[in-house]
Amino acid sequence: MITGDLKNKIDKLWLEFWQGGIANPLTVIEQITFLMFARLLDINESRDEKRAARTDFQFTPRFKDHEQHLRWSQFSHIEDAERLMNLVRDEVFKHFREHTSDSRFGDYMKDARMVIDKPSLLVKAIEMIDALPLDAGDTKGDLYEYLLSKLSTAGINGQFRTPRHVIKLMVWLLDPQPGEVVADPACGTAGFLVAVMEYLLEIYSSQQGVMQEDVIDDQGKTVSQTIYTGDLLTQEQWQTIKTRMFHGFDFDSTMLRIAAMNLYMHGVDNPDIHYQDTLAQSFAQHFPELEHNAFDVIFANPPFKGSLDQDTINPLILRLVKTKKTELLFIALILHMLKPGGRSATVVPQGVLFGSSNAHQAVRQLLIEHNQLEAVINLPSGVFKPYAGVATAILIFAKGGATDHVWFYDVQDDGYSLDDKRDPLYQDEQGNPLSFAGDLPKVLAAWKTRQKPSNPTISPLSQRGAGGDLPEVEQTESPLTPLLQRGESGNSEDAPQTRHSGIPSGAQVDCREPEAMDGEGLSHSCDLDSGTPRRNDDRTQACFWVSKAELAANKYDLSVNRYKETVHQEEAYEDPKVILQQWMGLVDEIQGELKELEGML
């Protein structure tokens, strides 16, 4: 998260641009991004040089022998302001355009221009960006978030950056693989796509391919950072990852430029990022091969607040759900874009889970009756602060088949304070804040060991809530999707077994009891707090299963509070007469001490 010191640095840099005559916030963000990109190019070049020296890693240098003077580490120390100005404007930005001209990324860099016309402003900007901890964790993502918060329009359409730890949870839950095609229909700065790339590097790194690097964090402390090289990936897999795996869409050109640079800096040389409103009719016209049955995995945190004109919406999406609300339209869109058997993890406002309108019920029925809704993960209401206090949930679903049971998890603690500051609540043994803590490691551990109950039950609480008899619903087992196939073991068949445990590195979770079956045919899963077995039909716990019959009886309501049962412990109090006698005794004791004090005076 951005600290006060780092915020002050960015505010000071912003003020320098303002005083230098650049007042348009978008222009300021774009120019800062270009300079950050120049420094990140050099940082990644140095990392790849070290990686190549240590392993058999091969890479295409970003700087040729005659271009070494264009590296940030070389030109950032030039003291002559005029000379620095000419070099950056005429050569560094030219290198941006030429270096990426043979890739899709070049489409977003072909018009890259430096609009800073005062040498003194450029010197100050380079000095300040050189002091930013861009090589530490996801600081650059946090910087983008803070920069975007300065736009007066930020957040009006529900556009805000998804918290890093929530993205990580969603990616680890779905376990994307190198041969799969991944998309985000509202990608913003490409946080989900970058997280998939980082996930692949981690699970496909051998012990020899893991490096430790000391970096300076945003508080000025030296911390050790783990670098995964992905040395177990084959050349064919690397080629797929770099050129064909990642696809993103957005209708904000500045976001697209940042997204393209973000992916490029994470090793995706040719990211397929497009300027496109994926809900619009033009999506099918411009990208017919990507609009339908195109993707194996989709991650999304689509805009929540939007309401569109039906005349502009893709009619194929309206056939699935007739509404103007973007949060409902995006669910239908994702189902439309997925291949049969493809899967998605999507953030939705909790109103989607229990809304009573025909459109809300139709979307939930679509997910449950005609597709496989695998999980509903309820998130705390403060996850998206300071941008919004809206309560959200993660839906995990696969296209096709039908749902028989849905797995619910009620997350109470995401590892951060739920106020506007969002301070980390947990630390490691060295006192460094943990970015993936609280209930999130428990969610992953429970997901990897989950097992559907063989004896579906309906809780009396939910039966009362339904207000009537349950409909007759045939309980047929639907085909296993890749989600379930991998979910039981935590791995796909072709995934390397060297590092992939199903839990992110650095996450700590206590799970001592294996999955077991009791004599009644009900599965047990690990109680992640105590390490003792618990029954999957115990709805007083954080996670439990709900059958399709029960969901249908409740108009497909997916709110966790509809099914979770709270145990109310009756408080035992002493008899009021006894309490009164105790109080009178205390009063007498006080009176005695006061008289003793009076005698001393």
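Here is a short chat about aromatic rings in this predicted model.

Biologist: Happy to be looking at this one with you! How many aromatic pairs does a search of the whole structure find?

Modeller: Glad to help. A pair of aromatic rings is described by the distance of the centres and the angle of the planes. Searching the whole structure for aromatic pairs gives a total of 14.

Biologist: Take F37 and F96: is the pair stacked, tilted or edge-to-face?

Modeller: The ring centres of F37 and F96 are 5.2 Å apart, and the planes meet at 65 degrees. Planes over 60 degrees apart count as edge-to-face. So the pair F37 and F96 is edge-to-face.

Biologist: How many residues apart in sequence are the parts that this pair ties together?

Modeller: F37 belongs to helix 2, residues 25-54, while F96 belongs to helix 4, residues 81-99. The pair therefore ties together parts whose separation in sequence is 59 residues.

Biologist: And F96 with F93: stacked, tilted or edge-to-face?

Modeller: Both residues lie in helix 4, 3 residues apart, which is about one turn of the helix. Their ring centres are 5.1 Å apart with planes at 55 degrees. Stacked needs under 30 degrees and edge-to-face over 60, so the pair F93 and F96 is tilted.

Biologist: Is F93 buried or exposed?

Modeller: The cut-off for buried is under 20% relative accessible area. F93 has 1% relative accessibility, so F93 counts as buried.

Biologist: One last thing, which residue lies over the face of W447?

Modeller: Here the partner sits at 3.5 Å from the ring centre of W447. The residue over that face is R450.

How values were computed
Residues numbered from 1 in each chain as written. Predicted model: local features only at pLDDT ≥ 70, side-chain atom pairs only at ≥ 80, totals over all residues. Heavy atoms only, no water. Phe/Tyr/Trp six-rings, centres within 6.5 Å; stacked < 30°, edge-to-face > 60°. Helix = DSSP H or I, 4+ residues; strand = E, 2+ residues; numbered from the N terminus. Buried < 20%, exposed > 50% of the residue type's maximum accessible area, 1.4 Å probe, protein only. Lys NZ or Arg CZ within 6 Å of the ring centre and 35° of its normal.
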